[in-house]
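Visitor: Please take one part of this model and go through it closely. I would like the charged side-chain pairs, with distances and exposure.

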Amino acid sequence: MSSTNVAAQEAGKVRVYALSLSDAEAQAMRDDSAAQAAALGVDKLDGTYTEVFRVSDLDTLGLAGYLRDGNGVYPEQIEADRSKLGALDGWVMVVYSRAFGGESRQLAPIPALTHIGTYDEGGPDTPVQAMEAEAAQPYTGIPRVEPATPAKQNSNKTMIIIAAVVLVLLVLWLLIT
């Protein structure tokens with residue numbers, strides 16, 4: 001297979017590879033990011049952003065549904081490859097852009113990996129809604145031009161009360177002794 005370039009700071013891409021490996025080899029690769037990196041022909045790979053699984057584990061959802069519903073791949077891209085994705089059985093490896101850590105990479109997969117497709121992740125279509133409430137409008141608060149004046153501290157009254165208490169206690173002590 002020919003090599004593929006991964007651009008620096010690539011984001012939002014999902015690469016799908018069919019694995020022509022035995023069950024034991026594929027299961028061993030499932031949680032081994034070093035083996036996944038070696039299979040892709042790169043020196044390192046963040047295994048947090050890769051998946052190795054049996055297509056049959058997806059049950060009725062299928063790989064096309066998993067890519068569409070689980071990863072947000074644009075439906076029109078999936079439709080273009082629906083027959084390829086539907087024909088897959090056995091093991092696949094899904095590699096997300098973040099697996100490359102934002103670095104430029106040259107992928108040279110081993111012959112046991114067959115590149116099925118590279119798809120774009122799309123975000124959900126959320127329409128922009130106008131904020132009509134008065135509280136949502138800019139500058140609806142009343143601006144405070146000058147800072148609030150701090151509460152006055154009346155330390156003279158406090159000192160007089162403390163002195164009176166001390167005087168009463170002193171008189172009581174003198175009366176008792």
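Guide: Lys 44 has a relative accessibility of 46% and counts as partly exposed. This is a predicted model, and that value is computed from it. The salt-bridge partner of Lys 44 is Glu 103, with 3.8 Å between the closest N and O atoms. That distance qualifies because the cut-off for a salt bridge is 4 Å. Glu 103 is likewise placed in the partly exposed class, at 36% relative accessibility.

The two residues are 59 apart in the chain, and their pairing links distant parts of it. Lys 44 sits in the loop between α2 (33–40) and β3 (50–54), whereas Glu 103 sits in the loop between β4 and β5 (105–107). Arg 105 joins Lys 44 and Glu 103 in a network of salt bridges.

Eight salt bridges are found in the structure as a whole. One of them connects Glu 79 and Arg 82, whose closest N and O atoms are 2.7 Å apart. Glu 79 is partly exposed at 47% relative accessibility, and Arg 82 is partly exposed too, with a relative accessible area of 34%.

The side chains of Glu 10 and Arg 15 also form a salt bridge, at 2.8 Å from N to O. Here the exposure class is another one: Glu 10 has a relative accessible area of 16% and is buried, and Arg 15 is buried with 4%. Both count as buried because the limit for that class is under 20%.

Note on methods
Residues numbered from 1 in each chain as written. Predicted model: local features only at pLDDT ≥ 70, side-chain atom pairs only at ≥ 80, totals over all residues. Heavy atoms only, no water. Buried < 20%, exposed > 50% of the residue type's maximum accessible area, 1.4 Å probe, protein only. Helix = DSSP H or I, 4+ residues; strand = E, 2+ residues; numbered from the N terminus.
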